Amino acid sequence: MQASTAAYKTTVAGAAMTVDYQVTILLPAGPYSNLTLTAESLTVDRQLTTNMPDGTLLITGYPAASAQITLSGLVDQSDASKTAAWLLNPAESTSPMYRTDALGAPVTIKAGVYTPGNSIPELLTVFTGTVDDYTVNVQAGTVTVSCLDYRGRLVTAPALPSVFDDGVTATTVGPLYAQFALDWILRNAGFYSWPARRASCSLAVGLRGSYWPEVGTLNLSQGYDPTTGILGFPGSQDYVGDGWGMGLVNGQNTYNLNPPIVGATDLFMECIADIGPLGPNVWITDTGPGWVYTHGFAELNVSSASGISVTITNADAATSSTSTFAGGPTSGRHYVGMQVSGTTLLINVDGVTQTFLGVSTRANVTYPVAVVTADSAGGSISGVQITTENAAAQFNGSFTPTARFDASLNQMTAFPDVTGQDAWNVIQENVAAESAVGGFDELGVFQFYNRNTISSGASVRTITPTYSLKTLDQELGMSFIRNHIQVPVSAIQVQAAAAVWSLSIGVSVAGGATRQLFISFSNPVVNMDTVASVMPNGGGTPGLSYYRAAQGAGGGGAEISNLAITIQQLSPATAVISIHNPNPFAAWLVTPTAGSYPAPSNGQPNLVVGGRPVTQSGAAQDFTSSASAGAVADAQWPPEVDGGAETNPRGEQLLTIPGNQWMQDLTAAQTLAGDLLIDLYKPRPLWRNVQVVPDLSLQLADLVTVVDPVTTKVDGTALIVGAHMTASGGGWSQTLDLRATGTPGSWILGVAGKSELGVTTYL
């Protein structure tokens, strides 16, 4: 529900009101963007769209919003020739839009009411999007504009990192959640749940469901135990949180800075911290991994016990200082940043900066690593960035997310290769895998709501027949009932380390030259070895990258062992190999005859890329402890042990969720099947086109209470699955599509009058 004043709430609950609206289209040329005076009428439609059968929608789908605007009249009240049609006619030579168009132009629509005693209306944003299509009728002087929300800005999915969780406690780098992929795709399109990457970054890591950084590389991942402290393996790590997104808890990750922080230069660090009793904190150190230093370190610490502080220790100069932000918060989620230049330190918390003079200098050494720690389940950390920006750097204390996430309920083994696919479709498949809701709201912010949030939310408004409720028709159907749920699992396995690609033909590199080879793999690959060394006799260690080289095409001449060969992964299934030959003569990537290698290999191509292939379950030997056989999660009512859905008085009503490459965990699938069964095994009324007195603060997926004791006898809560608003000079109207969260008289835990079983409430 959008925020509004008490006066607004009182006005929209009343019998009469005066309405107003505003239409803005940011045209690429000319001074005419506020088109309110020409907006003859407008409609805004928002609907939860899903691939579930009609009537079964409660906790899955995506908001799809569209707007239709009819423009007429003058855009310039002082010139009768300058109509809306004149402005948007691309053939009109006197228009600033001559030979150009408004397609893709940002659109904002606001609407609201005049509250008592105010001459300025209280307006709420009801649509944010872009122009998708428009028709200019020059003779009538009108323009009809069709608009879509920001999903049109999500065009092509970027390559996702080849991160994985093989489920082996001693070797994994912590859990992997589907939210990380959502955040990665949305950031690529300009929608941020944590600040955009800063200039001169040495580390940028969001921690939105994975350790993987945008800048920098992982050095060591460790867990945390309240009794023994930092662990030697990351088994306890997890990611929690909602609102802005998930963050790391119960663990410590050491990252290699790229580039390292060199000398006692300017230093900038920032993070988003959910404050707990023991942290979180961010270090840079000259040694590592973990909280280890020789010459010195700098630490940004956030704690409910010790406050928000920065410690700088210079062992070479035997100096150390700790500076604590005065009056800082002790709980909740906050932006925290610091910048130090020489002996002057700035600490910024939520946009408020405090200055500290005379702090310790930093040791004049190289700081190659950063340590990010959240060692308490009571506090998490995300959005960490480290740079060498100076005191003129702008803090992100006023950062407002343009993408917001509930906690993801879907753990994964590895991400599918979606490179180049339609980004919006990829996002919706990701969201559907956990039966969530994900899409853009009225303000143009991407919102992800998990099914727990939606099903357990509180009612935001009571709709009664006195003023608010105008019409209500109840619809029930067999299509609303599903007493047997099946969720297929796209089980995959991260295989043991092996050679994932090998050279099949002889390749040469000229003396002093660098050559690139673009390669693809038959399966997605993770944990790829990115530097090739000379392959020893016996073939070397599986999973490592190797080469052999000779001066001659057939292996003749001297062996060459000083090539510099690196492999950069471009997507889960593609990579580029860069081969540099520092010698003045050509090098052939073949086994040399002059070496002590087996004779059959002499002159044969030799370049191998190592890694761990990701395959469908059953496609290869199972080397992992967590691989689940290809399976289908199943939930029935009655339970299968009691005869199953076939014995249900209504007969078996089967719902098979479409296969989804993002659903990889059988436990998560079983939980989803159970949640859907609870929601669908009894018919819940669908109330379509419920006409109400307009309240534009209501949003899709809001829960409302509908009470009509006289006519329909309805008394229950419902989910808003559709909202439709029209406005013109003559007024406005609004209809809602609602889906009841329970059957009539159903027992609802925690709701007064409905949580006591009796003659009017039922299980």
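**Exercises on helix 6, the cores and a three-stranded sheet**

In this predicted model, helix 6 has A668, A669, L672, A673, L676, L677, D679 and L680 as buried residues.

**Exercise 1.** Determine whether the span of helix 6 agrees with its number of residues.

*Solution.* Step one: helix 6 covers residues 666-680, which is 15 residues. Step two: the expected span is 1.5 Å times one less than that number, so the helix should span 21 Å. Step three: the end C-alpha atoms are 21 Å apart, which agrees. At the N-terminal end, D665 acts as a cap, with a side-chain oxygen 3.2 Å from the backbone nitrogen of T667.

**Exercise 2.** Identify what covers the buried residues of helix 6, and state what the helix gives to the largest nonpolar core.

*Solution.* The cover includes helix 5 (451-455), strand 28 (484-488), strand 42 (632-636), strand 43 (654-656) and strand 47 (731-740). The largest nonpolar core has 88 residues, and I284 and I386 have the most contacts inside it. Helix 6 supplies the largest share of this core, six residues. Apart from it lies another core of 38 residues, including I69 and F127.

**Exercise 3.** Find which strands stand at the edges of the open sheet with the order 23-25-24.

*Solution.* The sheet has three strands with mixed pairing. Strand 23 (403-405) and strand 24 (437-440) each have a single partner strand, so they stand at the edges, with one side of each left without a neighbour in the sheet. Strand 24 and strand 25 (residues 446-449) run antiparallel and are joined by four bridges; G439 has Q447 of strand 25 as its bridge partner.

Methods. Residues are numbered from 1 along each chain as its sequence is written. This is a predicted model: local features need pLDDT of at least 70, side-chain atom pairs count only at pLDDT 80 or more; totals for chains, interfaces and linings use all residues. Side-chain values use heavy atoms; hydrogens and water are left out. Helices (H or I, at least four residues) and strands (E, at least two) are DSSP runs, numbered from the N terminus. Buried means under 20% relative accessible area, exposed over 50%, partly exposed in between (1.4 Å probe, protein chains only). Contact means heavy atoms within 4.5 Å. A polar contact is a pair of N or O atoms within 3.5 Å; within protein, one must be able to donate a hydrogen and the other to accept it, and residues adjacent in sequence count only if both atoms are side-chain atoms. A nonpolar core is a set of buried Ala, Val, Leu, Ile, Met, Phe, Trp, Tyr and Cys residues joined through side-chain atoms within 4.5 Å. Two strands pair if DSSP finds at least two bridges between them.
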